[in-house]
Amino acid sequence: MSSTPQDQRPAEGALIDRSRPVTFQFEGRTYRGFHGDTLASALLANGVRVLGRSFKYHRPRGLLGVGVEEPNVLVQSGTGARSTPNVRATEAEIFDGLIAQPVNCWPSARFDVLALNGLAAPFLAAGFYYKTFMWPRWMLFEPWIRKAAGLGRAASEADPDRYETRYDHCDVLVIGSGPAGLAAARAAGQGGARVLLVEQDVRPGCSLLGETTLIDGLPASAWAAKVVSELHGLAETRILTRTTAIGYYDHNFVVLAEKVADEALCAKSDTAVRLRLWQVRAKRVVLATGALERPLAFPGNDRPGVMLASAARQYLARYGVLAGRRPLIFTNNDDAYETALRMKEAGADVRAVVDARNAAPADLTASLAQLGIRVISSGEVVSVRGASGVTAAQVRTPDGRRSWIDCDLVAMSGGFNPAVHLFSQSGGKLRFDEALTCFVPDVSVQAERSAGACTGGFSLGEALDQGHVAGLAAAADVGCPSHVSPPAAASHRAYAVQAVWQVQAEGKAFVDFQNDVTADDVRLAHEESFASVEHLKRYTTLGMAPDQGKTSNVNAIGIMAALTGRGVGETGTTTYRPPFTPTPLAAFGGLDRDGLFRPLRTMPCHAEHERLGAHFEDYGGWARPSGYPLPGESRQQTETREARVVREQCGLFEGSPLGKMEVVGPDAGVFLDRIYANTVSTLKPGHVRYGLMLNELGVIIDDGVVVRLAEDRFLVCTTSGGAGRIAAWLEEWLQCEWVDLRVIVAPVTTAWGVLTLTGPRARDVLMRAGADFDVSPEAFPHMSFREGRVGSTEARVLRVSYTGEVSYEINVRASETSKLWASIYEAGQGQGLQPVGIDAWDLLRTEKGYLHVGADTDGTTTPFDVGFGHVLKKKSDFVGRRSLTLPENQRPDRLQLVGFEPRDPQAPLPSGSHVRAPDGRGSMGYVTSSAMSPVLGRTVAIGMLEGGAARHGETVSLVTPTGPQAAKVTAPGAYDLRGERLNG
Amino acid sequence: MLLISCPWCGARAESEFRCGGQSHIARPGPPETVSDAEWSAYLFERLNPKGLHRERWVHAYGCGRWFNVARDTVTHQILETYLMTEAGQAQADQP
């Protein structure tokens, strides 16, 4: 049924613009509302009562609240890639073309097939998955239960919208723009302090919107508008609306989520921002976050048409909607009487005010009586009729009599809870105020102040006062004192409340509406000894739904306190965690996605590789060629061809990412001797030595060559992956431990481009490219270093080899690497020179049995494990030395590096293939590097084997994808074991 | 997101730094004089106080210098930052 919007809109509505109608869809039906409506207010105005189904029992539900506290009506907003699950209908602004569906029901909220869950209710009480559905096996029921669980659906396509992150600093951050927040911002900004006022609503004002109470002689909403316009006039003050402070972190770091453009705008524009995440550092914070109303826990309190009393009032003030024509008010405090008055004024027939307190306030009772509204003292609602919408409520009085009162709305108020979420996240401690029956901020830890309803100052006068004081104090603290006079409002009645945590009566009284947790569940948790609040929460799932217990936590604490006989304050709260409201993951990702997620670095010769048709992969953050496939070649074929070219002719490989740092100073040699496991200081200028670096546990953390350039100058080369890490490692030792050593470490990794020429014809190509130094084997032996020109480029040339062939690692200024590539490539034509990628590079070193730190070693591998015990320094100390003599590192059955030669030469032995232990123990080792060798015509593999160094010649069985494979254990390395080609 | 005062660069966000754990740990040596127990203590034993903790931080995405920080592990309040070579003044129970 869809009535015309005007039927339920007798009043003005501060936020809506009746001249701008909006058409939207809900559950496939088209409705009309006005610009400024939320989905909730528009549907309410259209008389739609059943708007969703509850999580577990699939009970029909309607709106409970009017804003962020709404637990019942979550919708799936939008379709396709932009579809967003679990949007609170009370915060979804309607626009032309909005398509929304209720979550958790099929085919519709009114006729939901899964309502059958309600029949299973006895089996679905708290903790049911520990007790029911256990026989014969939980796994039988699990898939079905998982399918039924959950609320909305995540989109399955990538999110096409744009999300941004901004960083900001301010003097005073004011969170909330109700009376306290506006008073604070006004007071803080006048002296020139940089003020940021944030408001989660569409415009500032909050409880002042649609209010006529006088502040400084103006109706409240007009006063709010005036203050806002004053704030806009201050150069250093900014206001952000639709912006929720979602988290309060260390040292006044607050994260805000700003809704910028809606789905419709984002669909039309590439640059529109959907959500903007602000990361703000504030010198001072003023929390003016207000308070949230508590429901009352009575049987039937979840029926559609049972709503928070202040929400009913807000629907009227903000949207001009009467939530019911015949409301019944049920309350334990004075505030709800205001709802009765307003609804009566708007033309509703207020059926009664049921006050749970022994003595309803005399003055209010009298004013209501004058309007013909009866007040029932010491009354409790104990039952509600109308599963698809309230039709009557049963009231019980102390004499035991029960009577049904016809109504179409039960507006309930159990009191108010200050919104202390951000205060608690900041580390602040709460205390329970017995008179106000709520938790209030007690001890601050950070430089913040709370003001207004969020401190328990529920009246307008208190809010304005506290906000003003907090704003002045913050401004003074930051050195921009201001001198505005405090705003004045007529004094209001003090807030009077009497705690009613639960109405004792038969039937389901809901405490957590979103996770379907009843008062009986709390009692069950207590009976089963889950009485602490942390256990209560997790056992019943109370407070764990997307609303994080905004309308349930305190009632539950009150009920548990009564059961355990402890005070509410002593029972305490669970930990408040960010985000305050659910925030899409995309917002945290911001622009760091796709190409920007982990930006790839490109090498100096990237363009050359591209031109040669390289296939690129991400190697440690660098885009590097895995190979240069010829047309029609498979990846394996490319690898085989390139490896063969290196063994038979000549290959050219870019090694620019290799780590390089110059270590300079009178104590450079001494320093490097302490850092390396082997001796470095005896290296002569022009010579190169291979070194191992260990950590203090004796574990290999990097390997590479070190070159002595001069008496006090070394070039330390690391693995490509270790470049930044090892430079930092060296600095750490110099700055923290050996502070008196006279050494400077200068990382130069990206200053030098590196091209490696390798193969039997490498020397010939080098000569043809033109070297102005003697490259004969006698003049330039393996493991030495020369400086000079290659082609026309100044270069440092290391004769070191990763491939096992004669190799020249030519280092040139990074900006000249392309020039060098061109001259070498040209010189190489006619010599069979081809470019070589990483796949082939790795195959070549595996054939030689050369170590690849991080592939053949792990976080436990010591030099002894890889056969390097003999190069360790004998006498002097080095990092890791002492650990090598610990008993664990001396065990003979440690994993040690070996080679594996398969009995079937063609059998693949992929990395990770385990060596089967004969006694059924499992594994006694595994393959770490493996390749199919073109020159040897068989699989070559190296890996780890328990006590492997003493087991050469033994046959072991490997577990591989092609079945068990027998292999002989050898020393690592299968090609040119005497190094003749290397030293040629 | 702590706000850390680098002694050279001033107050910067935590994301610019890396924490090096407990500070003022002397490296025992020479190795032949250090027992297994002493060496294991140096490698693995660390304080885990509820309160004042003196730790090392390095301004990794800034000046690259290491320095000391006295931080309260409960409130995350930073009581002082001081040079690597200094001892630090802050005591537990200081406001």
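In the predicted model, A:Trp733 is buried, its relative accessible area being 8%. A:Trp738 also counts as buried, at 11% relative accessibility. Across all chains, 23 aromatic pairs were counted. The pair formed by A:Trp733 and A:Trp738 is classed as stacked because the ring centres lie 4.8 Å apart and the planes meet at 20°, an angle under the 30 degrees that bounds the stacked class. A pair of aromatic rings is described by the distance of the centres together with the angle of the planes. Both tryptophans belong to a cluster linked by ring pairs, which also takes in A:Phe671 and A:Trp729.

Charged side chains over aromatic rings were found in chain A and in chain B. In chain A, the charged end of A:Lys508 is placed over the ring of A:Tyr57, with 5.0 Å to the ring centre. In chain B, the face of B:Trp8 is covered by B:Arg65, for which the distance to the ring centre is 5.8 Å.

Helix 20 of chain A spans residues 723-737. The loop between strand 38 (713-718) and this helix contains A:Thr719. The side chain of A:Thr719 makes a polar contact of 2.7 Å with the side chain of A:Asp702. When neighbours within four places in sequence are set aside, the residues in contact with A:Thr719 are A:Gly659, A:Asp702, A:Asp703 and A:Arg725. A:Asp702 thus appears both in the polar contact and in the list of contacts.

The interface between the chains brings 26 residues of chain A into contact with 25 residues of chain B. Together, chain A and chain B bury about 2,200 Å², and carbon and sulfur atoms account for 53% of this area. Of the area that chain A buries against chain B, 30% is supplied by A:His251, A:Gln735 and A:Arg882, more than by any other three residues.

Cis peptide bonds and positive phi values were located in loops of the two chains. The peptide bond between A:Pro578 and A:Pro579 is cis, with omega about -5°. A:Pro579 is part of the loop that runs between helix 15 (568-571) and helix 16 (585-589) of chain A. In chain B, a cis peptide bond is present between B:Gly29 and B:Pro30, again with omega about -5°. B:Pro30 falls in the loop between strand 3 (18-22) and helix 1 (36-44) of chain B.

A:Glu27, a residue other than glycine, has a positive phi near 55°. In chain A, A:Glu27 occupies the loop between strand 1 (17-26) and strand 2 (29-35). B:His76 likewise has a positive phi, near 65°, and is placed in the loop between strand 5 (66-72) and strand 6 (78-83) of chain B. The relative accessible area of B:His76 is 25%, so the residue is classed as partly exposed.

Confidence was examined for chain A. The mean pLDDT of this chain is 94, and 99% of its residues reach 70 or more. Over residues 1-5 of chain A, pLDDT stays under 50, and the model has ten contacts for these residues beyond four places in sequence. Where pLDDT is low, the predicted coordinates should not be read in detail.

Technical notes
Residues numbered from 1 in each chain as written. Chains lettered and ligands numbered in written order. Predicted model: local features only at pLDDT ≥ 70, side-chain atom pairs only at ≥ 80, totals over all residues. Heavy atoms only, no water. Phe/Tyr/Trp six-rings, centres within 6.5 Å; stacked < 30°, edge-to-face > 60°. Buried < 20%, exposed > 50% of the residue type's maximum accessible area, 1.4 Å probe, protein only. Lys NZ or Arg CZ within 6 Å of the ring centre and 35° of its normal. Helix = DSSP H or I, 4+ residues; strand = E, 2+ residues; numbered from the N terminus. Polar contact = N/O pair within 3.5 Å; in protein donor to acceptor, adjacent residues only side chain to side chain. Contact = heavy atoms within 4.5 Å. pLDDT = per-residue confidence, 0-100. Buried area = accessible area lost by both parts, 1.4 Å probe.
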